[in-house]
Amino acid sequence: KMKLGVVIVTYNRLELLKECITACINQKEEFQKILIINNASTDGTKEYLENLQYSNLEIINSNKNLGGSGGFWLGINKAMELDLDYLLLIDDDAILDYNYNKAISDYIRNNDENIVAYSGTVITNNSIQFEHRRHLKNGFKCIDSTPEEYNQEYFDYNLSTFCGLYVSMKIIRKIGLPCKEFFIWFDDTEYSLRINQYGKIRNINKALLNHKTKISNLKGYTWKSYYGLRNQIVVIKKYFSKFTLIKFIGSMLILIIGGKIMRILKNDEYYENVSEIYKDAIIDGLNNNLGKNDKYIPGIEFKKRSV
């Protein structure tokens, strides 16, 4: 029998976490181990988890918020001590369909040796979220999966988010742990690039996952943008050509200048903040200044002036 495990990273979303755990407990094909990484939640999550009575559940409470990247690092590190065949990676807002494990493990059993990781279809508000499964083209061009691909039984691709990604433990032991220093964003892209060195990722379209994320109305930049840009620079430096890096930095410099011009024209500090995000991301990305940056912490927003 195949031994399946899951790592769930949670931070201050207790109601979603309850739903997430219930979906994991109720899988048609069960998990041997459910690892929950509590990222120093302050909303009663710790107390709730302490009262759960499931033999296959293990809780790791971090004493500080390590971000998604640090949470997955902790969870995968623990999983490497266990006797598992495949490990699923999800956040607390990923609600698995009861057939998720069964749909994917059926394919694993008939394994094509070129496939070393599997995923399912991510749905939010009844719509497929194509950006969770992406193809890599020349340089660092990331192309979302397409509706046509989801009309097939499955499709193979390069870059996955940690929203419903199953990775072979054999591969995890070869590629090691995710980059916890990223804090949030692009840790999954970097991990996917390491997976790609050993084979493809296959999406099993009938394996469904309800991603109960709020689709933000906030168009523009938030504190998260800094980490996304900084970590992209680190990924390009590590895996791609100098030309790709120069092109990416060049496009960022243009946006910095554009932000400064807009600041003057619109008399709006928002554009100054955008320029600052790009500048800090370039400096820190090129110098490998990683980890959590206290200038960009959860809750900080950069809002345009209402006209």
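A residue is called buried here when its relative accessible area is under 20%, exposed when that area is over 50%, and partly exposed in between. By this criterion, 52% of the 307 residues in the protein are buried. The model is a predicted one.

The overall form comes first. The protein contains 10 helices and 13 strands. Its radius of gyration is 20 Å, close to the 19 Å that the globule rule gives for 307 residues, so the protein is as compact as a globular protein of that length. Along the principal axes, the C-alpha atoms fill a box of roughly 65 × 45 × 35 Å. Of the contacts between residues at least 6 apart in sequence, 76% join residues at least 24 apart.

The surface can be described in a few values. About 14900 Å² of the protein is exposed, and carbon and sulfur atoms supply 50% of this area. The protein carries 41 positive and 36 negative charges, and the mean positions of the two sets are 4 Å apart.

Inside, the largest nonpolar core has 34 residues, and the members that touch the most others are Ile 8, Phe 31, Ile 90, Leu 96, Tyr 118 and Tyr 166. Several elements each supply at least two residues of this core: the strands β1 (4–10), β2 (33–38), β4 (86–91), β5 (94–96), β6 (115–124) and β13 (200–211), together with the helices α1 (14–25) and α4 (100–109). A second core, separate from this one, has 31 residues, including Leu 193, Tyr 226, Val 274 and Ile 282.

Ile 8 gives a view of the larger core's surroundings. Beyond its neighbours within four places in sequence, Ile 8 is in contact with Leu 17, Cys 20 and Cys 24, with the run Ile 34, Leu 35, Ile 36 and Ile 37, and with Ile 90, Asp 91 and Asp 92.

Helix α4, one of the contributors to the largest core, has seven of its 10 residues buried, so this helix is largely enclosed by the rest of the structure. The buried residues of α4 are Tyr 100, Asn 101, Ala 103, Ile 104, Ser 105, Tyr 107 and Ile 108. In an α-helix there are 3.6 residues a turn, so residues three or four places apart point the same way.

Strand β12 (residues 165–168) holds Leu 165. With 0% relative accessibility, Leu 165 counts as buried. Not counting residues up to four places away in sequence, Leu 165 touches Leu 87, Leu 88 and Leu 89, then Ala 117, Tyr 118 and Ser 119, and also Tyr 157, Ser 160, Ile 195 and Ile 201. Among these partners, Tyr 118 is also one of the residues that touch the most other members of the largest core. Leu 245 is 80 residues away from Leu 165 along the chain, and the two C-alpha atoms are separated by 28 Å.

Two asparagines stand out by their backbone angles. Most residues other than glycine have a negative phi. Asn 12, however, has a positive phi, near 55°, and is found in the loop between β1 and α1. Its relative accessibility of 26% makes Asn 12 partly exposed. Asn 126 also has a positive phi, near 65°, and lies in the loop between β6 and β7 (127–128). At 78% relative accessibility, Asn 126 counts as exposed.

Three helices towards the C-terminal part of the numbering complete the walk. Lys 174 lies in helix α6 (residues 169–175) and is exposed, with a relative accessible area of 54%. Between Lys 174 and Asn 289 there are 26 Å, C-alpha to C-alpha, for a sequence separation of 115 residues.

Gly 228, in helix α8 (residues 223–239), is buried, with a relative accessible area of 5%. Apart from its neighbours within four places in sequence, Gly 228 is in contact with Trp 185 and Phe 186. The C-alpha atom of Gly 228 is separated by 36 Å from that of Lys 28, which lies 200 residues away along the chain.

Thr 244 is found in helix α9 (residues 242–266), and at 13% relative accessibility Thr 244 counts as buried. Leaving aside neighbours within four places in sequence, the contacts of Thr 244 are with Gly 139, Phe 140 and Ile 236. Asn 101 is one of the buried residues of α4, and its C-alpha atom is separated by 38 Å from that of Thr 244, with the two positions 143 residues apart along the chain.

Key. Residues are numbered from 1 along each chain as its sequence is written. This is a predicted model: local features need pLDDT of at least 70, side-chain atom pairs count only at pLDDT 80 or more; totals for chains, interfaces and linings use all residues. Side-chain values use heavy atoms; hydrogens and water are left out. Helices (H or I, at least four residues) and strands (E, at least two) are DSSP runs, numbered from the N terminus. The radius of gyration is taken over C-alpha atoms; the globule rule is 2.2 Å times the number of residues to the power 0.38. Buried means under 20% relative accessible area, exposed over 50%, partly exposed in between (1.4 Å probe, protein chains only). Contact means heavy atoms within 4.5 Å. Accessible areas come from the Shrake-Rupley method with a 1.4 Å probe; for residues, only the protein chains shown count as cover. Lys and Arg count as positive and Asp and Glu as negative; His and the chain ends are not counted. The place of a charge is taken as NZ of Lys, CZ of Arg, CG of Asp or CD of Glu. A nonpolar core is a set of buried Ala, Val, Leu, Ile, Met, Phe, Trp, Tyr and Cys residues joined through side-chain atoms within 4.5 Å.
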